[in-house]
Amino acid sequence: MGAALDLATQAAACGEVPVGAIVVCDGRIIGRGFNAPISRHDPTAHAEIQALREAAAQIGNYRLVGCSLFVTLEPCAMCAGAIMHARLERLVFGAADPKTGACGSVVNLFSEGRLNHHTTVTGGLREAECGTMLSSFFRARRARRAPQDATPGRDSA
């Protein structure tokens with residue numbers, strides 16, 4: 001998860017939501033990614049998707065059987081679907097996502113028995129660090145957007 005946190009820091013430095021992800025197979029990292037939908041003008045450029053793409057290219061197969069994904073934030077429905085299609089054995093995430101989380105926070109796609117592949121999911125690894133990074137990023141973003149002088153009734157001229 002430390003490597004995923006480092007990638008999340010890179011995302012934040014680029015002005016992206018700080019989410020990082022790594023794919024691990026046989027004890028080594030074969031895929032890395034961080035959020036980049038803004039800079040890449042690509043709604044699918046989530047950290048998980050980037051890491052899955054790199055891992056698949058590394059091994060020459062879209063099926064990542066026996067691999068694990070570590071990500072700093074609970075995956076959304078798009079990423080959960082990609083994780084299932086990649087046949088990942090295990091998903092480990094840091095902070096829960098109460099707005100778009102698809103591993104139990106909003107929905108749990110991994111518990112849907114009608115789907116043909118079931119990834120083992122564990123949440124909460126280094127949750128405080130992952131959550132603090134996200135909270136700090138959004139707090140700073142809101143502060144930059146706040147008006148400099150919000151005193152009611154003041155003339156702006």
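**Asn35, α3 and the core**

Modeller: The Asn35 side chain comes within 2.9 Å of the backbone nitrogen of Ala47. A word on the ground rules: this is a predicted model, where local features need pLDDT of at least 70 and side-chain atom pairs count only at pLDDT 80 or more, while totals for chains, interfaces and linings use all residues. Numbering runs from 1 along each chain as its sequence is written, and side-chain values use heavy atoms, with hydrogens and water left out.

Colleague: What makes the link between the Asn35 side chain and the backbone nitrogen of Ala47 a polar contact?

Modeller: The cut-off for a pair of N or O atoms is 3.5 Å; within protein, one must be able to donate a hydrogen and the other to accept it, and residues adjacent in sequence count only if both atoms are side-chain atoms. At 2.9 Å, the Asn35–Ala47 pair is within that limit. A polar atom of the Asn35 side chain also sits 3.4 Å from the backbone oxygen of Val17.

Colleague: Why is Asn35 called buried?

Modeller: Because its relative accessibility is 10%, and buried means under 20% relative accessible area (exposed is over 50%, partly exposed in between, with a 1.4 Å probe and protein chains only). Asn35 sits in the loop between β2 and α2; helices (H or I, at least four residues) and strands (E, at least two) are DSSP runs, numbered from the N terminus.

Colleague: Which residues is Asn35 in contact with, leaving aside neighbours within four places in sequence?

Modeller: Taking contact as heavy atoms within 4.5 Å, the list is Ala11, Glu16, Val17, Val19, Ala45, His46 and Ala47.

Colleague: How do you know that α3 reaches close to its expected span?

Modeller: The expected span is 1.5 Å times one less than the number of residues. For the 13 residues of α3 that gives 18 Å, and the helix reaches 19 Å from its first C-alpha to its last. Buried residues in α3 include Ala47, Ala51 and Leu52, and β1, β2, α2, β3 and α4 are among what covers them.

Colleague: How do you know what confidence the chain has?

Modeller: pLDDT, the predictor's confidence in each residue, runs from 0 to 100. The chain's mean is 93, and 93% of its residues reach 70 or more. Residues 153–157, though, stay under 50, and the model has one contact for them beyond four places in sequence.
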